[in-house]
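Student: Got a minute to go through this model with me? I'd like to start with the backbone.

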Amino acid sequence: MEQRHLGRTGLRVSRLGLGTLNWARDTDEHEAADQLKTFWEAGGTLVDTADIYADGGAEYLLGRLTEGLVPRDDLVIATKAGSVLEPDRRVDCSRRHLLAALDASLERLGTDYVDLWQLHAFDPHTPLEETLQALDLAVTSGRARYVGLSNFSGWQLAKAATWQRAAPGIRNPLAGTQMEYSLLQRGIEREVLPAAQDLGIGVLPSSPLGRGVLTGKYRHATPADSRGASDHLAGFVAPYLDETASRVVEAVTTAADGLAVTPLQVALAWVRDRPGVTAPIVGARTAQQLRAALSVETLSLPDEICRALDDVSAPVHHYPDHDWSTL
């Protein structure tokens with residue numbers, strides 16, 4: 001698998017990442033082992049997880065599998081901290097919480113360090129400088145090699161990145177930002193993607209298949225074994241089952257038929273090769289689904305197909321995204 005640099009850093013990662021959101025919940029240890037081995041054998045290196053996935057279960061499972069199945073040094077392990085499951089608080093990016101969360105993640109993962117440590121979300125109740133200091137402490141203490149963000153808006157990303165760049169050699173520049181990005185969710189193109197490109201930050205798209213909808217599986221009905229039919233993920237899929245999404249899915253299906261490939265391959269190749277993107281994170285439930293995603297490695301979409309998909313999925317962006325004089 002092709003390797004790419006994460007932003008303007010020396011860290012190289014596979015241009016597809018393996019997500020573990022389903023691990024230790026919908027994906028058991030046997031299936032997770034099959035996924036990890038399949039991914040590794042295909043040349044994949046970037047494995048993404050978070051301390052909140054399955055309440056730590058995904059990290060623990062990944063740690064077990066790196067003990068004997070796949071060498072730790074062959075993987076670029078990325079995890080996140082900051083999300084909390086408290087009745088009155090969803091995010092805690094205080095220095096106290098973050099550093100304690102990192103130590104707990106390392107223990108579950110069975111490793112002395114993570115390659116990429118990411119803030120899971122922006123915390124409006126904690127001074128950003130305090131939050132970013134925790135990232136620097138993680139690097140200087142050797143517990144993280146690189147640091148990044150997730151789910152930050154454009155101004156939040158730019159503010160954080162500028163603060164980190166203001167003291168070279170003292171503060172650590174942000175390597176990446178993980179954001180939802182697909183043909184069904186192009187919101188990051190307004191501010192986040194231009195900011196990331198300008199600041200040299202690699203973009204790691206999550207849900208690159210539109211939460212599974214872009215595979216075409218929901219075109220006529222909701223499969224009984226799908227996320228859309230599950231008790232805990234149906235609400236996650238529902239926003240992309242409207243008429244607007246349906247038009248995009250039909251266009252993807254038409255393109256796939258014309259290229260003699262699958263809708264999954266078309267949708268994944270589109271986001272993988274967007275400017276500024278380093279590696280989409282594929283969160284497969286089964287090894288069979290992962291193999292289907294990995295088959296995209298040899299596919300590059302023709303320019304005319306990309307333009308057609310751009311047009312049919314284009315979000316409505318007006319002022320201030322476009323020159324005011326043209327409006």
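Tutor: Sure. Keep in mind that the model is predicted. Start with A260, which is exposed, with a relative accessible area of 71%.

Student: Where is A260 in the fold?

Tutor: A260 sits in the loop between α8 (243-259) and α9 (263-272). Its phi is near 60 degrees, a positive value in a residue other than glycine.

Student: Why point that out?

Tutor: Because most residues other than glycine have a negative phi.

Student: OK. What about N151, what is its phi?

Tutor: Phi of N151 is near 65 degrees, positive again in a residue that is not glycine. N151 belongs to the loop between β9 (144-150) and α5 (154-165).

Student: And how accessible is N151?

Tutor: Its relative accessible area is 41%. The cut-offs are under 20% for buried and over 50% for exposed, so N151 counts as partly exposed.

Student: Switching to aromatics. How many aromatic pairs are there?

Tutor: Three aromatic pairs. One of them is F122 with F152, in an edge-to-face arrangement. The ring centres are 5.4 Å apart, with 90 degrees between the planes.

Student: Where do F122 and F152 sit along the chain?

Tutor: In distant parts of it, 30 residues apart. F122 is in the loop between β8 (114-119) and α4 (128-140). F152 is in the loop between β9 and α5.

Student: Are F122 and F152 buried or exposed?

Tutor: Both F122 and F152 are buried.

Student: Which residues make up the ring cluster?

Tutor: F122, F152 and W155, linked by ring pairs.

Student: Any cavities? How many of 30 Å³ or more?

Tutor: One cavity reaches 30 Å³ or more. The largest cavity holds about 40 Å³ of space.

Student: What lines the largest cavity?

Tutor: F122 and F152 turn up again, in the lining. The other lining residues are C93, A121, D123, T126, L128 and T131.

Student: How does that lining split by residue type?

Tutor: Five nonpolar, two polar and one charged.

Student: Now charges over rings. What does R145 lie over?

Tutor: The face of Y113, at 3.8 Å from the ring centre. There is also R171, whose charged end sits over the ring of W163. That distance is 3.8 Å from the ring centre.

Student: R171, does it have other partners? Which residues does Q164 touch, for example?

Tutor: R171 is among the residues Q164 touches. Leaving out residues up to four places away in sequence, the others are L132, D136, N172, P173 and L174.

Student: Where is Q164, and is it buried or exposed?

Tutor: Q164 is in helix α5. Its relative accessible area is 1%, and buried means under 20%, so Q164 is buried.

Student: Last one, A175. Where is that?

Tutor: In the loop between α5 and β10 (176-180). A175 counts as buried because its relative accessibility is 1%.

Student: What is A175 in contact with?

Tutor: Setting aside neighbours within four places in sequence, A175 contacts L6, G7, T9, L116, Y146, V147, I201 and G202.

Student: And how far is A175 from V203?

Tutor: Their C-alpha atoms are separated by 8.9 Å. Along the chain, A175 and V203 are 28 residues apart.

Terms used:
Residues are numbered from 1 along each chain as its sequence is written. This is a predicted model: local features need pLDDT of at least 70, side-chain atom pairs count only at pLDDT 80 or more; totals for chains, interfaces and linings use all residues. Side-chain values use heavy atoms; hydrogens and water are left out. On a 1 Å grid over the protein atoms alone, a cavity is a set of points where a 1.4 Å probe fits but cannot get out, and a pocket is an open set with protein on both sides within 12 Å along at least five of seven lines; lining residues have an atom within 4 Å of a point. Grid points are joined across faces, edges and corners, and a volume is the space filled by probe spheres set on the points. Ala, Val, Leu, Ile, Met, Phe, Trp, Tyr, Cys and Pro count as nonpolar, Asp, Glu, Lys and Arg as charged, and the others, Gly among them, as polar. Helices (H or I, at least four residues) and strands (E, at least two) are DSSP runs, numbered from the N terminus. Buried means under 20% relative accessible area, exposed over 50%, partly exposed in between (1.4 Å probe, protein chains only). Rings of Phe, Tyr and Trp (its six-membered ring) pair if their centres lie within 6.5 Å; planes under 30 degrees apart count as stacked, over 60 as edge-to-face and the rest as tilted. A charge sits over a ring if NZ of Lys or CZ of Arg is within 6 Å of the ring centre and within 35 degrees of the ring normal. Contact means heavy atoms within 4.5 Å.
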